[in-house]
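User: I am new to this structure and would like to learn how to read some of its features. Please take me through them one at a time.

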Amino acid sequence: ESNLEVTGIDFLKSQNTQQHHTDGYNIKNLVVRRGQAFHVQVSLNRELRAADKLSLRFGIGENPVKDKGTLLSLKPEQEDFNGWKISVVKKNGKECLLSVTSSPNAVVGKYNLHVKTGANMYKPENGVIYLLFNPWCEDDVVYMANEAQRKEYVLNDTGYIYVGSAYSIYDRPWNYGQFEEFVLDACMYLLDKSKLSLTDRRDPANVSRAMSALVNANDDSGVLLGNWSGNYINGTSPMDWIGSVTILQKYYKTKKPVRYGQCWVFAGVLNTVMRCLGVPSRCVSTFDAAHDTEENLRVDVYLNERGEKLNSLSLDSVWNFHVWNDAWMKRTDLPEGFHGWQAIDSTPQEQSQGRFQCGPCPVKAVREGDVYLPYDSKFVYAEVNADRVYWVVKKVNGKDKYFKVGTETQAIGKKISTKAVGQNRREDITREYKYPEGSKEERMSMQRAYSFIRPSGMVPRSGYASTIQTLSGSTQPLVPKEPVTKTGLHLEITNTEPLHPGNPLEMTITVKTSTPGNWTVDLTGSCQLQYYTGKVQANLGTIKETVKLEGTSEMQIPMKIAPDAYMKTLSSLEDEVLILVTAIAEVKETNDKLTKETSMRFQYPPITVQMPETAKLYNDFSCAFIFKNKLNVTLENCKLLVEGLGIFKMTTFDQGDIMPGRIMKSEIICTPTKLGEKKIIAKLISNQIKGISTEKAITIT
């Protein structure tokens with residue numbers, strides 16, 4: 001009788017990948033998810049008999065061995081081996097159809113498959129199988145029950161990242177592109193590079209923590225080099241990316257950090273990596289996010305006597321927005337009650353256990369004030385819950401003295417946002433991170449958090465500690481309240497005209513009082529340009545007025561900045577800037593003080609995309625991008641960046657200068673290579689404006 005030999009193996013890629021929701025991956029190999037059966041068809045030199053020895057061997061890592069669970073030798077109808085099992089579905093002459101089910105907590109990564117028959121070992125071509133986390137499998141810790149959520153958080157390869165300021169949020173379309181060529185291989189390379197043991201690679205908590213470290217280049221020459229300096233000469237400006245694909249492809253090709261990223265780029269790339277590996281994830285934007293370096297739940301802001309914010313003194317900062325990610329999983333390492341969304345952050349802000357990594361931190365722990373739980377929950381809690389304290393620095397006898405002019409207890413961690421499931425709109429998820437301001441639950445959560453974090457007393461902590469005046473009676477009450485003043489003093493800052501570059505910036509500061517009496521209010525107002533990290537780039541103007549108010553009344557003080565005061569700065573900066581308006585009000589009669597700040601973004605004319613609503617696979621269609629410069633200024637060095645996943649690779653068009661009133665039109669011929677709804681993203685960048693984005697969907701049939 002001839003020895004049994006394997007003559008071929010068919011991985012039945014199209015049926016397996018459809019069942020495993022992995023048919024999108026642009027890769028020759030079979031990609032499947034753990035804990036779910038897949039089929040392989042084995043061709044033999046003769047019929048399989050009962051006495052024959054046939055086994056499938058799956059090996060992972062450098063040196064697969066059985067007793068470490070990194071070499072799995074599976075025989076049909078045998079009891080399972082480390083949670084894996086294999087069975088014969090049907091035999092048909094020399095063909096044998098086998099079903100393989102991996103363990104729902106199998107190591108995630110690349111497995112080599114060999115088939116052993118007696119003494120013969122068969123090594124198939126493309127015999128490397130990629131095994132991913134499985135949100136469709138109830139026994140996998142990343143299981144997500146809702147199909148619409150799985151579609152959004154695992155399978156959607158485009159989305160929006162919310163940026164701007166709490167006063168004016170806008171959406172930045174982003175291509176995650178987790179199914180594009182080399183992206184999965186880049187993620188597998190990161191897993192190997194992470195130095196996680198194979199056992200650690202079973203658990204998404206370990207994997208997401210490692211990925212938060214590897215998406216930034218600090219410590220480990222990871223994917224992206226952060227740069228907030230404003231100088232991006234030898235790389236790509238963070239504003240110029242419109243998706244993760246180019247970044248991950250370039251990194252995989254060169255194995256060197258890609259230049260440059262800022263928080264939304266880090267979050268966009270980490271989101272791609274997590275979705276690619278099969279962990280449900282979303283980008284989360286927090287407006288007015290505290291970067292509290294000392295974990296004392298306080299961020300100090302220093303102003304000069306003109307009410308202008310000073311960069312040099314602050315160790316802490318409040319970012320207009322900060323973007324991180326939530327990844328979905330059961331936390332088997334924590335007590336019950338902390339399953340679900342976990343915050344992870346790959347922007348290099350603070351070291352955690354000696355590396356720039358952050359999370360996973362249970363979002364429920366942030367809400368409940370359980371800030372002793374791993375990982376980094378104190379830092380995340382402070383990002384959304386710190387107080388903001390304003391100090392005016394005055395020269396007294398030649399020395400700097402600090403005067404407190406306001407405390408805001410509800411200004412940090414506002415409008416926490418992510419893309420809604422299945423819809424192109426913003427969803428506010430603040431309630432998942434925090435109880436409503438002023439509620440009983442919020443007070444209890446805060447008391448709990450404060451028992452683990454020691455908030456400091458009310459002393460300014462600038463870089464010049466020696467000049468500090470200690471303010472008596474400064475210990476912080478356990479539950480700080482918004483200060484209610486004797487006059488019911490209230491400030492509001494709004495813009496009265498659209499904030500178009502090249503036009504005057506017209507704003508109004510409204511001063512209100514609401515208690516009986518005659519009040520004299522000294523108002524100081526300033527307007528500055530700042531980066532989203534809170535760093536001031538230019539002082540544009542200040543006002544000083546004395547307002548007389550009686551009882552319940554209000555007065556509007558206009559503030560106008562001429563284009564000449566800011567256009568030069570705007571054109572010379574590489575980053576997008578926001579308009580920061582700060583107002584300080586002091587009531588003469590009662591010595592009440594109040595400070596308020598608002599950041600606003602510039603407003604731009606739109607780009608429109610013209611193309612058919614549907615197109616046929618592999619049939620060319622034309623797509624036109626049209627932009628009319630409705631501003632009063634020439635836009636210099638315009639670049640149009642476009643990308644459509646499954647349609648065309650990222651392309652840059654140089655458009656030169658676009659004069660006021662002129663229309664730019666660019667056309668591209670597209671050949672769709674994938675079915676379904678596809679999106680085209682376009683972004684226009686010039687010296688004066690740093691990103692007008694748009695997107696348009698097309699259905700490929």
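User: How are helices α3 and α6 oriented to each other, parallel or perpendicular?

Analyst: This is a predicted model. Angles of 65 to 115 degrees between helix axes count as roughly perpendicular. Helix α3 (residues 183-193) and helix α6 (residues 263-277) pack at an angle of about 95 degrees, and they are therefore roughly perpendicular to each other. Their axes lie 10 Å apart.

User: Which residues of α3 and α6 meet?

Analyst: From α3 come Val183, Leu184, Cys187, Met188, Leu190 and Leu191; from α6 come Thr272, Val273, Cys276 and Leu277. Nine residues of this contact are nonpolar, one is polar and none is charged. As a general idea, an α-helix has 3.6 residues a turn, so residues three or four places apart point the same way.

User: Which residues of helix α5 are buried, and what do they pack against?

Analyst: In helix α5 (residues 245-254), the buried residues are Val245, Ile247, Leu248, Gln249 and Tyr251. They pack against the helices α3 and α6 and against the strands β12 (168-175), β13 (224-226), β14 (258-261) and β32 (635-644). After α5 comes Lys255, which has a positive phi, near 60 degrees.

User: Next, please explain how to read a sheet. What is the order of the open sheet of three strands?

Analyst: In general, strands of a sheet pair through backbone hydrogen bonds, either parallel or antiparallel. Here the order is β29-β31-β34, and the pairing is antiparallel. At the edges are β29 (607-610) and β34 (663-670), each of which pairs on one side only. From one strand to the next, the twist averages 20 degrees.

User: How many bridges join β31 and β34, and which residue stands opposite Ile663?

Analyst: Strand β31 (residues 621-628) pairs with β34 in the antiparallel sense over eight bridges. Opposite Ile663 in β34 stands Lys628.

User: Finally, how should a single residue be read? Where is Gln349 placed, and is Gln349 buried or exposed?

Analyst: Gln349 belongs to the loop between β18 (340-344) and β19 (361-362). A residue is called buried when its relative accessible area is under 20%. Gln349 has a value of 11%, and is therefore buried.

User: With which side chains does the side chain of Gln349 make a polar contact?

Analyst: The side chain of Gln349 makes one polar contact with the side chain of His291, at 3.4 Å, and another with that of His322, at 3.2 Å. Leaving aside neighbours within four places in sequence, Gln349 is also in contact with residues including Trp319, Phe356, Phe379 and Glu383.

Technical notes
Residues numbered from 1 in each chain as written. Predicted model: local features only at pLDDT ≥ 70, side-chain atom pairs only at ≥ 80, totals over all residues. Heavy atoms only, no water. Helix = DSSP H or I, 4+ residues; strand = E, 2+ residues; numbered from the N terminus. Buried < 20%, exposed > 50% of the residue type's maximum accessible area, 1.4 Å probe, protein only. Polar contact = N/O pair within 3.5 Å; in protein donor to acceptor, adjacent residues only side chain to side chain. Contact = heavy atoms within 4.5 Å. Pairing = 2+ DSSP bridges. Axes fitted to C-alpha atoms, helices over the stretch in contact; angles between N-to-C directions. Parallel < 35°, antiparallel > 145°, perpendicular 65-115°, else oblique. Nonpolar A, V, L, I, M, F, W, Y, C, P; charged D, E, K, R; others polar.
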